[in-house]
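Hi,

Here is the structure I promised to pass on. Have a look at it first, and my notes on what turned up are below.

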Amino acid sequence: MTHRLYYEDAFQTTFEATVEQMKLADGKPWLALDRTLFYPEGGGQPYDTGILHTEDHQFAVCDVQADESGLIWHQVEVSESGRLPEAGEAVKGRIDWPRRFDHMQQHTGEHIIANCVHHLTGGFTHGLHIGHEVCTIDISLSDGQTRLDEQTLLDIESLANQKIAEDGAVRCYFPPKESLETLPLRKDPTVKENIRVCDIGGFEMVACGGTHLSRASQVGLIKILSAQPARGKLRLFFLCGLRATRHYAICYTAASRAASQLSVKEAEVPDRLAEVLKQAADTRRELAVMRRRETLAKVPALLEGALVLADGRRVVIAELEEKDHPAMEALARELVAQRRIIALLCVPAQGRHNLLFARSDDLSLNLNEFIKSIGAKGGGRPEFVRGAANDSLPWEAAKVMAPHF
Ligand SMILES: [Zn+2]
């Protein structure tokens, strides 16, 4: 069984140990040490990384796992010479302290949140997950509820930050079995032996084998980001410590820039933004109405300039502007509402030539066949077809063929 040095001092970063065993798993070497500061993955807390070194070689520790016998295995990167420490060889180790401290902030903060959740809602927490960016915890609420209102979430966050400010000492210890039964644990331990208790300022007490800070104030800040139902429970997304302060800096910079652009205070940004967005939507609607009117106003001039065929049919050939695109169909319908009209319209938009061909009901020309004959993609009904082309060739072909309808 590996002696867990992190239980004695979670703030220690270097240690000396002896290699007990070596094994290969999936082609990667793993070392079991007689003692270690490397925390193995467990209880939702990721493993520590860092280095192990002998007199002349250094090995990066990339993964750490405990087995059922209590040995802690360290997956190491083989050094350039390919030499691994042997059983019985002395090694020195150093954990990646910023990574561990971050995990301790998230983990200790989670204890405080879990306690505040229990205190304010009676709910129990399970399944802590310290993710790369965000942490989550699932809450079982009474009566199978899977939601908490916004005010309750704010109350939990506020109480948690108050507990941080009260700066209770964090004490982790293995109580004798008889006194364990008398301790006011927040929930029943999940293990039966070697039960380690974590006590934070006397208000939070629960069995836990993780690494913790030494005082509540070292958590710094707790921010609950959101909560949503997940598998019959309520999943809480949160950040603690430096993650929360970095998040605050990002959010404040964004809010303050938005406030400055909108000429309001940060707290007024959502209401002002809603007004601005509504104004923009109204303006877009008004603009669309004006543009449609403007497009349809072209009807008399287009009819006037139409190509008149020998049998009296008129062919309107029009290359419109991109702003006419939304009203293109309405324009075609206005044109062919007249007798004996063939309308050939083209609008360039988003790098494509958009084609719309239509004819009056009193004609028999099949525009579906026509659009295929000029090499454009598209189709529709004999009297009304849409098409598009990446280049101008089909449109040019349509203009050439128009006098021969
Ligand atoms: Zn813990």
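To start with the contacts: among those between residues at least 6 apart in sequence, 59% join residues at least 24 apart. Bear in mind that this is a predicted model.

Overall shape next. The chain has a radius of gyration of 36 Å, whereas a compact globule of 405 residues would come in near 22 Å. Along the principal axes, the C-alpha atoms fill a box of roughly 110 × 55 × 40 Å. Buried residues account for 31% of the 405. As for secondary structure, you'll find 10 helices and 21 strands in the chain.

The domain assignment splits the chain into four pieces: domain 1 (3-95), domain 2 (100-260), domain 3 (264-296) and domain 4 (298-404). Taken over C-alpha atoms, the centres of domain 2 and domain 4 are 67 Å apart.

Now the inside. Which residues touch the most other members of the largest nonpolar core? They are Phe38, Ile112, Ile113, Ile222 and Phe238, out of 56 residues in that core. Helix 2 supplies the largest share of this core, with 6 residues. Domain 1 and domain 2 each put at least three residues into this core. A separate core of 29 residues lies apart from this one, and its members include Ala327, Leu335, Ala358 and Phe370.

Phe38 is worth clicking on. Leaving out residues up to four places away in sequence, Phe38 touches Tyr47, Asp48, Gly50, Val61, Val64, Ile72, His74, Gly93 and Ile95.

Then there's helix 2 itself, which covers residues 97-121. From first C-alpha to last, its 25 residues reach 35 Å, close to the 36 Å expected at 1.5 Å a residue. Just after helix 2 comes Gly122, with a positive phi of about 80 degrees.

Further along, look at strand 9 (residues 124-130) and strand 10 (residues 135-140), which run antiparallel and are joined by 5 bridges. The connection between strand 9 and strand 10 is a hairpin through 4 residues. If you want one pair to find your bearings, take His126, whose bridge partner in strand 10 is Asp138.

That's what I have for now. Shout if anything looks odd on your side.

Cheers

How values were computed: Residues numbered from 1 in each chain as written. Predicted model: local features only at pLDDT ≥ 70, side-chain atom pairs only at ≥ 80, totals over all residues. Helix = DSSP H or I, 4+ residues; strand = E, 2+ residues; numbered from the N terminus. Expected span 1.5 Å × (residues − 1). Core = buried A, V, L, I, M, F, W, Y, C linked by C-beta atoms within 7 Å. Buried ≥ 20, exposed ≤ 12 C-beta atoms within 10 Å, placed from the backbone. Domains from an automatic or database assignment. Contact = placed C-beta atoms within 7 Å. Pairing = 2+ DSSP bridges. Rg over C-alpha atoms; globule rule 2.2 N^0.38 Å.
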